[in-house]
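Reader: Hi, I have a protein model open and I'm not sure how to read it. Could you walk me through it while I ask questions?

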Amino acid sequence: MKHFFLFFLFCGVAYGQGTLKEAKDRLNSPPITSSGSEEHHTSSDREAYRSYSPWEDISLWPMLFDLTFVLGYNLLVESSYEHYGRMHNAALNPYPYYKGKGDYTYDKQIIEDFTLFRTSISNEFSLGERIFQNNLQAKARIGSRFGVTLSYRHFLEKQRGFPTEHLDFVSLTAQYYRIRTQRMTLSWGLGAGYIGNDINQFGLSMTQDAEIFVYRPISLAYQLQYTTFTYSEIFSFAVGANYYYQRYQGGLKYQYNNLAATKFSAMMLSLGVTF
């Protein structure tokens, strides 16, 4: 009976450490080897693994660079076939489902149809019980192809008998809208992320999101973000549906979070406005 009680006491302590506490420790600490020491690689260690490559004698690198650049441009920016298609000249709508269209339209008729700048602000909060999450996001669209996204995420965890844990994450990314049709929008972004709460680290942030305008006023959307820091990384993936009423929107989605290998998920409710 005594051993049985000690076993459950140990489990309670391990669980009581908290999800956010565990994530913050991993983000703020270097990786540990099996021997319990920190990983360090000296220049002599790297030289030991360096071996001669026959590719060093072949002058194919300029050609490979050109091929990589061409393929990258066609995949990430625009292909030569798309240059002559309707998507090349697609124009941004003042707001989603404007005159029955999605995010873009192929024909503009009056001056009110033209939009050079557009801003969207949304707030999302989780419906979970143990970990509360709030996402505040602002998107600025510049023309039909470019944009900037500022995102602030706040995580809060409360557990009886333990201090309340907070984790704040901010990211700023430049966006390029790769697919611009009346039915679908897809963009990718690159920028920087910052995590506070005594961790105080900057990292490289990458995003991708897409939205399919199924039938007015409903759309399906997904969003993923990956940010790498000094000792670990943060990854999130969300998928759900949006409902639009003129310039206003509401939505419900499922979001999965991986904070330095600490995983949890929640349903998120969102509200937003476009102007």
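Author: Let us begin with one side chain, bearing in mind that this is a predicted model: Tyr 98 is buried, with a relative accessible area of 13%.

Reader: Okay, and which ring does Tyr 98 pair with, and at what angle are the planes?

Author: A search of the whole structure finds ten aromatic pairs. In one of them, the ring centres of Tyr 95 and Tyr 98 are 5.4 Å apart and the planes stand at 85°, so this pair counts as edge-to-face, the word used for planes over 60 degrees apart. Tyr 95 is also classed as buried, at 17% relative accessibility.

Reader: What about Tyr 222 and Phe 237, how are those rings arranged?

Author: Their centres lie 6.3 Å apart with the planes at 35°, so the pair of Tyr 222 and Phe 237 is described as tilted. Tyr 222 belongs to strand E9 (residues 218–228) and Phe 237 to strand E10 (residues 233–245), so the contact ties together parts that are 15 residues apart in sequence.

Reader: And are Tyr 222 and Phe 237 buried or exposed?

Author: They fall in between, since Tyr 222 is partly exposed at 24% relative accessibility, and Phe 237 is partly exposed with a relative accessible area of 29%.

Reader: Which residues form an aromatic cluster?

Author: Tyr 97, Phe 213 and Tyr 244 form one aromatic cluster.

Reader: Switching to charges now, how many salt bridges are there?

Author: The search of the whole structure finds ten salt bridges. As background, side chains of opposite charge can pair when their charged atoms come close.

Reader: Can you show me one inside a helix? What does Glu 22 pair with?

Author: Glu 22 forms a salt bridge with Arg 26, and the closest N and O atoms are 2.7 Å apart. The two are four residues apart in helix H2 (residues 19–27), which means that about one helical turn separates Glu 22 from Arg 26. Glu 22 counts as partly exposed at 32% relative accessibility, and Arg 26 counts as partly exposed at 33%.

Reader: And what does Arg 178 meet in a salt bridge?

Author: The side chain of Arg 178 meets that of Glu 82, at 2.9 Å from N to O. Arg 178 lies in strand E6 (residues 165–180), while Glu 82 sits in the loop between helix H4 (61–76) and strand E1 (91–92), so this bridge ties together parts that are 96 residues apart in sequence. Arg 178 is buried, with a relative accessible area of 9%.

Reader: I also clicked on Asp 103. What is its salt-bridge partner?

Author: Asp 103 meets Arg 141 in a salt bridge, at 3.2 Å from N to O. Asp 103 is in the loop between E1 and strand E2 (104–105) and Arg 141 is in strand E4 (residues 131–142), so the pair ties together parts that are 38 residues apart in sequence. Asp 103 is buried with a relative accessible area of 4%, and Arg 141 is buried with 5%.

Reader: Which ring does Arg 141 lie over?

Author: Arg 141 lies over the face of Tyr 177, at 3.7 Å from the ring centre.

Reader: Are there any salt bridges that link up into a network, and which residues are in it?

Author: Glu 78, Arg 145 and Arg 180 are linked in a network of salt bridges.

Reader: Back to E4, then. How many bridges join it to E3, and how many to E5?

Author: Nine bridges join E4 to strand E3 (residues 117–126), and these strands run antiparallel. In this pairing, the bridge partner of Arg 118 is Arg 141, and E3 and E4 form a hairpin with four residues between them. Twelve bridges join E4 to strand E5 (residues 146–157), again antiparallel, and Gln 137 stands opposite Ser 151 in E5.

Reader: What is special about phi in the hairpin of E4 and E5?

Author: That hairpin has three residues between its strands, and Gly 143 there takes a positive phi near 70°.

Reader: Last topic, what about empty space? How many cavities are there?

Author: The structure holds three cavities of 30 Å³ or more, and the largest has a volume of about 560 Å³.

Reader: Which residues line the largest cavity?

Author: It is lined by 32 residues, of which Lys 139, Glu 211, Asn 242, Tyr 244 and Gln 249 lie nearest its centre. E10 supplies the largest share of that lining, six residues.

Conventions:
Residues numbered from 1 in each chain as written. Predicted model: local features only at pLDDT ≥ 70, side-chain atom pairs only at ≥ 80, totals over all residues. Heavy atoms only, no water. Salt bridge = Lys/Arg side-chain N within 4 Å of Asp/Glu carboxyl O. Buried < 20%, exposed > 50% of the residue type's maximum accessible area, 1.4 Å probe, protein only. Pairing = 2+ DSSP bridges. Phe/Tyr/Trp six-rings, centres within 6.5 Å; stacked < 30°, edge-to-face > 60°. Lys NZ or Arg CZ within 6 Å of the ring centre and 35° of its normal. 1 Å grid on protein atoms, 1.4 Å probe; cavity = no way out; pocket = protein on both sides within 12 Å on 5 of 7 lines; lining within 4 Å. Points joined across faces, edges and corners; volume = space filled by probe spheres on them.
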